[in-house]
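Biologist: Let us go through this model together. I will ask how each label is earned.

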Amino acid sequence: TQVEESAVNLWNWAVTKHTGSVVSDEQRAKLRFVACRLVCLCEGSDPPEGTIRRQILMCMKTGKGWIDIGKADLADGFLEIAMSSIEKLYAKLLKGSDGEADIHVHKADVEKNLFKVLSYQAESAVAQGDFQKAVMCVQRCKDMLMKLPKETCYLSILCYNFGVETYEWKRYEQSSFWLSQSYDIGKTDMKYSVGKEMQAKVLRLLATAYFEWDCNLYLEKALKAISLANQENLHPAGCFLKIKILLKSGASDEDINSAVAEFLHHEMSLDFCLNTAKLLLEHGRESVGFDFLKSVAERFESSPDLGKITLLHIEFLLQNKRELLAKQKVEEIVIGHYTGKQLLPEALNRLHIILWDRAAKHYEAKSYSEALHWYNYSVSFYTPGQIDQNLAKLQRNMASCYLHLKQIDKAKEAVKEAKRCDPNSIFTKFSVYKIAVMEKDTDKAVETVIEIGKLAEKSSQHEDKLRVDENTGTNLLSLAAHIALENEQQVVAIKALEYLSEHLQDCQQLFAALKCLVRLMLSKVMAENEEKSVTYRLNNTFSAAHKRLAGSFTEEKFTGDTRILDAHWFRKVAWNLAVQFRGYPEKMRDFFLLSFKLSQFCPSDKGVLIAQKTCLLMAAAVDLEMGRQQVTPSKQ
């Protein structure tokens, strides 16, 4: 008796503490487990009715607690005890009954508990994947509904939940069974039914299960289910699903038009209508889709979101290569913009993206005039004198098109506008540079390269943060050098490569740039005989190569073989330069010493050792010769 009392107190304590959120669901399940086991162990050979009723309640709640926290296997034992206790209670009540009326009262009393235990056993079976047991339990519950009509709603929702669970596990056959059961149970007693909205929800999921299970095999069942759902309660999800099923089945445009007409007379949101139009157009139903869009536009004519419909229309016209019609739609928007029918800011931004995307496609296809056409549409939405970074980018893009079309004056105008909107942008400077190169204005090109180089040194640019990666500066300098070389402007290319070599982090790219720089300087020495200034810059270039070779040992990407090949290249060129500067002793000595320093990054084979010895001997010989020619002892 003392143990039983303690167990009941523990049970009550768990209930009160859970109400105050002191213990979790799992902790409460464990406490109930302990209390219930103790009560069961204290049961005598002939317990009174109150004790049996308490035991039934405790076993049911303990079993349900384990199910709710996902440990259904632990629930089964308690539910079996509850079932056994119900039988004991019924037998006990029959013994003490007094006539037929009493028997009916006792039976009704017991059946409520029996119904609950069977439903919990069904839950446990579904959770453990025992489909047959779950079906058997639910069938017994269904058989009891005549006597317990108020449980109709509960059992219908229970079967719906089973349908949802099995659908999520992709067990479509089981899911369709449970959902069909839910719908059938919901129809049995209209007084205690779940209601039309819930019935429609069940049928929509049933149609979805058939659709995803095997649309071809269960097409008719899916269509029947969704048609019933829409009859019960017309919902956007139901209309959308019906069209989806019809499209998948390859139904005629006429059938799809009929399905669309079903909901056109009801209140549907604009977003739903747009999604439906997208679905139709994505499945190649242009006739139905575009007609539907027209009717939607008429329906939402006074809506501020009307622009969304037009934008979708434009997008699909472009996707279907109907560019002329798309242009007409854009021109309608432009006219509307200046006659009081402006798009909302979000829609206008979306339109700019569509226009730029179309222009970019034409640019890539080298249809520069067409690209300009689309960019001009975008420009028409900006007011004169407006300052906007996107407008600056737009003008730069237009300038690029004009340059390809050799329309230099128009390119200059576009760049002028870009400078007005975003004067300090590295991209605007680059546009100025391209024009200077095309006009063969070397001074302006060099000046702009210097500006680009200085901007590349800055760690952050307002535009870079949003649109470009951290290598923007080096990428533009590399492109600047390439453009200069294409246009045979070596002076400009040299300046661009000098700045580039200062900023490149990647060793392979750096040595490629330095080699190109050396070749250009060598050709300049040969062609113009500008030894003094060019030799100084050559010396700097070789020093940069030496410095990077010395630091490149820690760079994983720059392998040993690559480093050795580059070291060989620079030492040999330095040697050749030393020989070439025979008439200039100091330069000759400097390049022999550079060749020696660079050779130290090469493997010490016989050839390299001989070259090192020769470099040092030649440098010493040049110094001796220079010393002989000096008059004062200190200089000697």
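**Helix pair and confidence**

Biologist: What makes the crossing of H15 and H16 left-handed?

Modeller: A crossing is left-handed if the near helix is turned anticlockwise from the far one by less than a right angle, and right-handed if clockwise. The crossing of H15 and H16 fits the left-handed case. This is a predicted model; local features need pLDDT of at least 70, side-chain atom pairs count only at pLDDT 80 or more, and totals for chains, interfaces and linings use all residues. Residues are numbered from 1 along each chain as its sequence is written, and side-chain values use heavy atoms, without hydrogens and water.

Biologist: Why is H15 called roughly antiparallel to H16?

Modeller: The axes of H15 (residues 306-319) and H16 (residues 323-337) cross at roughly 160° and come within 8 Å. Angles over 145 degrees count as roughly antiparallel, on a scale from 0 to 180 degrees between N-to-C directions. Therefore H15 is roughly antiparallel to H16.

Biologist: Which residues of H15 and H16 meet?

Modeller: Contact means heavy atoms within 4.5 Å. From H15, Thr310, Leu311, His313, Ile314, Leu317 and Leu318 take part; from H16, Glu323, Leu325, Ala326, Lys329, Val330 and Ile333. By class, that contact has 8 nonpolar, 2 polar and 2 charged residues.

Biologist: Which element has the lowest mean pLDDT?

Modeller: Helix H23 (residues 462-467), at 43; helix H7 (residues 152-168) has the highest, 96. pLDDT is the predictor's confidence in each residue, from 0 to 100. Residues 459-468 fall below 50, with 21 contacts beyond near neighbours in sequence. The protein averages 86, and 93% of the residues score at least 70.

Technical notes. Helices (H or I, at least four residues) and strands (E, at least two) are DSSP runs, numbered from the N terminus. Angles under 35 degrees count as roughly parallel, over 145 as roughly antiparallel, 65 to 115 as roughly perpendicular and the rest as oblique. Ala, Val, Leu, Ile, Met, Phe, Trp, Tyr, Cys and Pro count as nonpolar, Asp, Glu, Lys and Arg as charged, and the others, Gly among them, as polar.
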